[in-house]
Amino acid sequence: MNYNTVYVGMDVHKESFTLCAYTIDAEKGSHFQRTEADYKNVLKYLEFLRTVYGNNANFICGYEAGCLGYTLYHQLTEHQVNCMILAPTTMLEQRSKRRIKTDRRDAEIIAKCLAQHNYSPVHIPTATDEETKEFLRMRDDHKLALKKVKQQILAFCLRHNYRYDGNSHWTAAHIKWLKSLNPEALYKEILDEYLLTYTTLSDKLERLDKRIEELASKDEYRESVKKLCCFIGIKTHTALSVLVEVGDFQRFASAQNFASYIGLVPGEDSSGDGQTRLGITKAGNRHVRMLLTEASQCYARGQIGFKSKELKSRQAGNSPQVIAYADKANERLRRRYYKMVLGKSKKHNVAKTAIARELACFMWGMMTDRIA
């Protein structure tokens with residue numbers, strides 16, 4: 001970039017934008033402006049900057065990933081504005097340690113990161129990926145609502161001393177027992193409303209899961225989903241979610257970079273000869289990290305090398321190389337989990353997190369055709 005490049009930092013909020021111009025020669029922010037949250041005001045601000053820096057000025061705008069999603073990015077790029085979305089966890093400016101934090105300072109820090117390239121840009125998904133991601137997250141929201149209703153029903157029964165003698169909850173026998181209860185007065189109506197909500201959400205989730213199967217069968221997803229489903233703990237929902245959340249796996253130079261992107265690598269606080277290992281960084285995509293952590297729990301049970309009928313059916317139709325790579329990963333991860341827990345006395349959650357990190361690395365290898 002030459003000195004005619006102007007970096008525009010935008011601290012964006014629901015109701016307002018704070019804008020700032022930054023140039024390499026000046027090394028500080030200038031022309032601060034606070035506007036209403038409308039992309040047209042950004043375009044007007046750029047026109048104003050042209051009167052200051054000349055018509056030949058090259059503008060690069062940027063804002064942090066947040067509540068606005070990709071909307072502002074698409075609006076500006078449609079008007080031929082070079083725009084970036086910065087991943088907050090990759091920005092080298094540590095604002096959390098500052099004693100003064102304002103929108104003006106945040107806008108200047110964003111512009112400075114743009115100028116010095118002290119950030120990683122957020123991957124911009126395709127329109128299809130973004131739509132599918134929103135659908136999957138909507139399904140997950142309904143799943144959380146169902147979990148909450150289950151907790152409310154069990155709490156209601158406990159408060160009124162209705163105790164189930166069966167082995168486990170939410171089986172057909174347990175639901176039949178719930179429907180057979182006959183509380184007095186208004187309690188009967190309360191329980192019926194809870195059970196109606198439970199039934200409605202259960203039916204809706206079943207319908208949404210069928211729709212997800214249809215989405216996964218699209219040409220752009222079918223082959224990749226089939227490959228990822230070769231791993232233990234990875235089914236259609238998880239595979240499709242990882243695909244649309246990550247987008248292009250090729251943008252990661254190594255498996256370690258991908259694991260770092262989803263925050264599954266350990267942190268470190270070292271100085272001099274002293275080394276302090278921390279917990280995982282939890283940076284990057286929280287949703288993918290949660291999915292892989294849940295999938296890793298499947299390696300905590302079962303015999304090493306054993307393949308269930310369901311897994312064999314999921315692997316059917318893939319090439320021998322893909323199946324062999326997945327079998328190698330499945331055997332290694334299950335063996336490593338048992339070695340960590342039984343041999344090294346690691347805590348279960350620590351072992352599962354380590355398995356999730358390795359699973360992420362194997363998935364990166366599968367999606368980048370590094371399966372030799």
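Author: Two strands pair if DSSP finds at least two bridges between them, a strand being a DSSP run of E with at least two residues, numbered from the N terminus. Please keep in mind that this is a predicted model, where local features need pLDDT of at least 70, side-chain atom pairs count only at pLDDT 80 or more, and totals for chains, interfaces and linings use all residues. Residues are numbered from 1 along each chain as its sequence is written, and side-chain values use heavy atoms, with hydrogens and water left out.

Reader: What makes strand 2 and strand 3 a pair?

Author: Strand 2 (residues 16-22) and strand 3 (residues 29-36) are joined by 6 bridges, and the rule asks for at least two, so they pair. They run antiparallel, with T18 standing opposite R34 of strand 3. Their hairpin has 6 residues between the strands, and there E27 takes a positive phi near 60°.

Reader: Why is helix 8 called mostly covered?

Author: Buried means under 20% relative accessible area (exposed is over 50%, partly exposed in between, with a 1.4 Å probe and protein chains only), and 11 of the 11 residues of helix 8 are buried. Among them are T236, A239, L240, L243 and V244. Helix 8, like any helix here, is a DSSP run of H or I with at least four residues. Its cover includes helix 4 (127-159), helix 6 (186-216), helix 10 and helix 13. Just after helix 8, G247 takes a positive phi of about 80°.

Reader: How do you know how helix 8 runs against helix 10?

Author: Helix 8 (residues 236-246) and helix 10 (residues 286-296) pack at about 155°, with axes 10 Å apart. That makes helix 8 roughly antiparallel to helix 10, the term for angles over 145 degrees (under 35 is roughly parallel, 65 to 115 roughly perpendicular, the rest oblique). In contact (heavy atoms within 4.5 Å) are H237, T238, S241, V242, E245 and V246 of helix 8 with H287, V288, L291 and L292 of helix 10. By class, this contact has 5 nonpolar, 4 polar and 1 charged residues.

Reader: Why does S345 count as buried or exposed?

Author: The relative accessibility of S345 is 61%, so S345 counts as exposed. S345 sits in the loop between helix 12 (320-343) and helix 13 (348-367), and has a positive phi of about 55° although it is not a glycine.

Reader: And what does D369 count as?

Author: D369 has 55% relative accessibility, so D369 counts as exposed. D369 lies in the segment after helix 13, with a positive phi near 60° in a residue other than glycine.

Terms used: Axes are lines fitted to C-alpha atoms, for helices over the stretch in contact, and angles run from 0 to 180 degrees between N-to-C directions. Ala, Val, Leu, Ile, Met, Phe, Trp, Tyr, Cys and Pro count as nonpolar, Asp, Glu, Lys and Arg as charged, and the others, Gly among them, as polar.
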